[in-house]
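Biologist: Could you take me through one part of this model in detail? I'd like to see how the sheet is put together and what packs on it, and then a little of the surroundings.

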Amino acid sequence: MPPIDFCHFPVSIIKRSEGRSAVAAAAYRSGTKLTNEWDGLTHDYTRKGGVVHAEIMLPAHAPPEFSDRSTLWNSVEQIEKARDSQLAREIEAALPRELSREQQLALVRAYVKDNFVDKGMCADFAIHDKGTGNPHVHIMLTVRPLKENGAWGAKCRKAYDLDENGQRIPDGKGGWKNHREDTTDWNDKGNVEIWRAAWAAYTNRALEAAGQPALVDHRSYKRRGIDKIPSVHLGPAASQMEKRGIRTDKGEVNRQIAADNKLLKEIKARITRLYNWSKAEAEKPEGQQPSMVDLWETQQQLKRPDTRTGKIRALQESAALFNFLNANGIQSMQQLHEKIADMNTRYYDLRREIVKAERRIAVLTERGEMWAQYNEYKTVHKQFAKVKPEKRELFEQRHSRELILYDAAARYLKELKASGEEINPKEWRREIDLLTAQKQVDSIDMKAMREELKAVERLRKAADQLARQERDKPRDRGPER
């Protein structure tokens, strides 16, 4: 059984500079009421539904009082003095529906312990499941290391730059050139790939232990050598709309991707069979190869329909086959194989362009939806900024969904801009239209190739019929003694 798709594994940082707090995030994820001692705000999410389990896991040298959620995250808030501090890391991962709740919990505990807690991080995880078929886990992790005595350690330290002889380099100001380096490897960019791969491995073991055959692969289709175009992650909002029968842009992209994948898979299978068949036939000695004339005549005899509609269809198929042979100047099996080889090359060229276009369209569609989401909830965010401190918690509770969606869109667009991309929704739309138009042209060419393959398949049937007739001929045994 092929691996199931399991690539949605976002990793993010909870930053004070974005107006977020570790206490608020922990309260929301766990569905509890917590007060942030750093700013005095209370966050009450006790009415939040869908939280089926929340738990804190600590390394051996962590203070025992950190098992209390309020104590842990308030300690984090207090140790971070800067207004732009990074407070916590958060990971979200989908849980297999094939596993029971107990099995899901065992999977999360094992994964969190081995990959984070044993490395010295404090972990606070919550399993969410609203019964809509999307069980998932949120894992909050501390980003500052703990000393052996349980006190918070430094995130980074000063390191001196050294010359080729290992000596410090003067900075010309009476000091030495230096730089900052992290005290742990938790921020290494390669960790996301390691954590994602580990999640796939742990999930596979849990599924196998539960007697489930499904397999998880964290790699993209491209890295796995799969020709399939990856679908777009719908997200909770679009997913719920699609379930209610409301079509979304992302849903439309996924439906088109599914149709394109089906077409690509079908043509690849057909062209592979015909390529191998024609190659084998072309390699036979010349006297044993069927001639195009023999194949044509045999093909004419294969199907003699009685109905008027059937006769018309048979004439159309014969005409298509004749046009294919005539237009390509095919008079021998070797020429037929060369044509199929050319079609095979053309198929991969078209497939590459279609896959490339679909992937780019998916990226641009997500950008457009995040821009729309940003604008839709911008007003609520502005209202929240003007609310008096004593009323902010009540406003945040009433508009938590809108504020969360706004924050997600704002972060997405900020990171996009930081990467050097221009925020230009009109240009995104124009590029989508151009890519869609070109993809339609490529799809038409692909469908035309499918019709040519159907014509060649009729020649193959004729060749099989000739071979059967040859086998069934009575053998001349010579004169009897």
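**A close look at the sheet**

Modeller: Happy to, and before the sheet, a starting point elsewhere in this predicted model: L321 counts as buried because its relative accessibility is 0%. That leucine sits in helix α8, which spans residues 308–327. Its C-alpha lies 7.4 Å from that of V456, although 135 residues separate L321 and V456 in sequence.

Now to your sheet. It is open and built from 5 strands, arranged β2-β6-β8-β7-β5 with antiparallel pairing. At the edges are β2 (11–15) and β5 (51–57), each of which pairs on one side only. On average, neighbouring strands are turned by 20° against each other, direction ignored. Look inside the sheet at β7 (residues 123–128) and β8 (residues 136–142): they run antiparallel and are joined over 6 bridges. One bridge to find on your screen links D124 with M140 in β8. Helix α2 (residues 69–79) packs on this sheet, where it touches β5, β6 (86–94), β7 and β8, and its direction makes about 50° with that of β8.

For the surroundings, try the pair α3 (residues 101–115) and α4 (residues 191–209), whose axes are 10 Å apart at an angle of about 145°. Their crossing is right-handed. On the α3 side the contact includes L107, Y111 and D114, and on the α4 side W195, W199 and Y202 are among the residues met. By type, the residues of this contact divide into 9 nonpolar, 2 polar and 1 charged.

Note on methods: Residues numbered from 1 in each chain as written. Predicted model: local features only at pLDDT ≥ 70, side-chain atom pairs only at ≥ 80, totals over all residues. Heavy atoms only, no water. Helix = DSSP H or I, 4+ residues; strand = E, 2+ residues; numbered from the N terminus. Buried < 20%, exposed > 50% of the residue type's maximum accessible area, 1.4 Å probe, protein only. Axes fitted to C-alpha atoms, helices over the stretch in contact; angles between N-to-C directions. Left-handed = near helix turned anticlockwise from the far one by under 90°. Contact = heavy atoms within 4.5 Å. Nonpolar A, V, L, I, M, F, W, Y, C, P; charged D, E, K, R; others polar. Pairing = 2+ DSSP bridges.
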